[in-house]
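Trainee: I have a chain open and would like to go through it with you. Can we start wherever you like and work outwards?

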Amino acid sequence: MDSSNQTIMIVEDEPQLANLLRDYLEKSEFRTRIIHNGLQAVAAIRDFAPDLVILDLMLPGKDGISICKEVREFSKVPIIMATARVEEIDRLLGLEIGADDYICKPYSPREVVARVKAVLRRSANDYVDTPAGLVLDESRFLAEWKGRNLDLTAVEFKLLKILAHDPGRIYSRSQLMDRIYDDHRIVSDRTIDSHIKKLRKKITAVVEDEELIHSVYGVGYKFELKSADSN
Ligand code: CA
């Protein structure tokens with residue numbers, strides 16, 4: 001994978017360590033951004049939408065656990081959590097805060113770069129690029145159609161991703177529900193229909209006569225690129 005346009009955010013309160021990481025990452029042709037204070041981290045991640053975050057556990061203002069949890073409310077950006085104690089890693093794993101990997105201090109910057117690349121490779125599998133000009137970036141819930149941001153909600157994004165993953169395959173409403181709601185909560189068919197309706201509206205707003213999602217009467221929905229008038 002080409003790393004030249006990927007941005008790594010380093011959230012680390014020790015300036016020397018942050019700078020050392022920056023130098024190594026930039027040598028590997030990543031772009032970097034350093035945040036020293038925990039209080040600025042969540043907003044910075046939201047604003048800059050980095051491709052990966054290296055997040056120190058102990059930070060002034062706000063600790064890494066709180067930051068990680070807050071970020072997971074709006075983003076799936078890969079997070080590597082750094083901690084000073086190896087026994088802390090077990091505890092963090094138990095908390096299920098949603099970090100993708102853990103590294104223990106003191107670490108070699110070389111090791112960190114290797115981990116960054118490994119985590120990015122892994123998360124690249126979440127990235128769906130369909131031939132139809134639709135780009136889905138799971139780490140940011142970002143969907144682009146013909147180069148334009150569809151500005152989807154998390155549920156709309158998930159629906160589109162499921163359908164686009166297998167063009168032509170018809171999904172029933174209950175199949176879609178099962179895949180969207182991990183907690184198996186009961187939602188009515190009407191809920192799916194209304195999400196699909198909004199999603200289709202956002203898609204046709206980009207190109208008026210082209211639809212991506214089609215309803216199959218009495219069955220469900222499928223993804224297919226064809227003109228709306230042939231539907
Ligand atoms: Ca620290």
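Mentor: Start with Ala205, which is exposed because its relative accessible area is 54%, over the 50% mark. This is a predicted model.

Trainee: Which helix is Ala205 found in?

Mentor: Ala205 belongs to helix H8.

Trainee: And how many residues apart in sequence are Ala205 and Leu150?

Mentor: Ala205 and Leu150 are separated by 55 residues in sequence, while their C-alpha atoms are 8.8 Å apart in space.

Trainee: Back to H8. At what angle do H7 and H8 cross?

Mentor: The axes of H7 and helix H8, residues 189–206, cross at roughly 80° and come within 9 Å. H7 is therefore roughly perpendicular to H8.

Trainee: Which residues meet there?

Mentor: From H7 there are Arg173, Leu176, Met177 and Ile180, and they meet Asp189, Ile192, Asp193 and Ile196 in H8.

Trainee: What about H6 and H7, at what angle do they cross?

Mentor: Roughly 120°, with the axes of helix H6 (residues 154–165) and helix H7 (residues 173–180) coming within 10 Å. That angle makes H6 oblique to H7. The crossing of H6 past H7 is right-handed.

Trainee: Which side chains should I look up for that pair, I mean which residues meet?

Mentor: On H6, Val155, Lys158, Leu159, Ile162 and Leu163; on H7, they meet Leu176, Arg179 and Ile180. Leu176 and Ile180 also turn up among the H7 residues that meet H8.

Trainee: Staying around H6, where is Gly168?

Mentor: Gly168 sits in the loop between H6 and strand S10, residues 171–172. Gly168 is partly exposed, at a relative accessible area of 31%.

Trainee: What is Gly168 in contact with, leaving aside its neighbours within four places in sequence?

Mentor: Lys222, Phe223 and Glu224. As for Leu225, its C-alpha is 9.2 Å from that of Gly168, with the two positions 57 residues apart in sequence.

Trainee: New topic. Which residues are the protein donors of the calcium ion?

Mentor: Asp13 and Asp56 donate through OD, and Met58 through O, at 2.1 to 2.3 Å from the ion. Along the chain these donors follow the spacing D-x42-D-x1-M. Asp13 and Met58 link distant parts of the chain, being 45 residues apart.

Trainee: Where do Asp13 and Met58 lie?

Mentor: Asp13 is in the loop between strand S1 (7–11) and helix H1 (15–27), and Met58 is in the loop between strand S3 (52–56) and helix H3 (64–72).

Trainee: Is Met58 buried or exposed?

Mentor: Exposed, at 61% relative accessibility. Asp13 is partly exposed, with a relative accessible area of 28%.

Trainee: You mentioned H3. At what angle do H2 and H3 pack?

Mentor: About 20°, and the axes of H3 and helix H2 (residues 38–48) are 10 Å apart. H2 and H3 are therefore roughly parallel to each other. H2 passes H3 in a right-handed crossing. Gly38, Ala41, Val42 and Ile45 of H2 meet Ile67, Glu70 and Val71 of H3.

Trainee: Now backbone oddities. Which peptide bond is cis?

Mentor: The bond from Lys105 to Pro106 is cis, with omega near -5°. Pro106 is placed in the loop between strand S5 (101–104) and helix H5 (109–124).

Trainee: And what is phi of Glu29?

Mentor: Near 70°, which is positive in a residue other than glycine. Glu29 is in the loop between H1 and strand S2, residues 31–35. Asp151 also has a positive phi, near 55°.

Trainee: Why flag those? Most residues other than glycine have what sign of phi?

Mentor: Most of them have a negative phi, and most peptide bonds are trans. Asp151 lies in the loop between strand S9 (148–149) and H6, and Asp151 is exposed, with a relative accessible area of 57%.

Trainee: Is Glu211 buried or exposed?

Mentor: Buried, because its relative accessibility is 13% and the limit is 20%. Glu211 lies in strand S11, residues 210–216, and its side chain makes a polar contact of 3.1 Å with that of Arg200.

Trainee: To finish, how many helices and strands are in the chain?

Mentor: The chain has 8 helices and 12 strands. Of its 231 residues, 45% count as buried. Among contacts with a separation of 6 or more, 54% are between residues 24 or more positions apart.

Conventions: Residues are numbered from 1 along each chain as its sequence is written. Side-chain values use heavy atoms; hydrogens and water are left out. Helices (H or I, at least four residues) and strands (E, at least two) are DSSP runs, numbered from the N terminus. Buried means under 20% relative accessible area, exposed over 50%, partly exposed in between (1.4 Å probe, protein chains only). A polar contact is a pair of N or O atoms within 3.5 Å; within protein, one must be able to donate a hydrogen and the other to accept it, and residues adjacent in sequence count only if both atoms are side-chain atoms. Donors are N, O and S atoms within 2.8 Å of the metal (3.2 Å for Na, K and Ca); water is not among the atoms, so sites may look incomplete. Axes are lines fitted to C-alpha atoms, for helices over the stretch in contact, and angles run from 0 to 180 degrees between N-to-C directions. Angles under 35 degrees count as roughly parallel, over 145 as roughly antiparallel, 65 to 115 as roughly perpendicular and the rest as oblique. A crossing is left-handed if the near helix is turned anticlockwise from the far one by less than a right angle, and right-handed if clockwise. Contact means heavy atoms within 4.5 Å.
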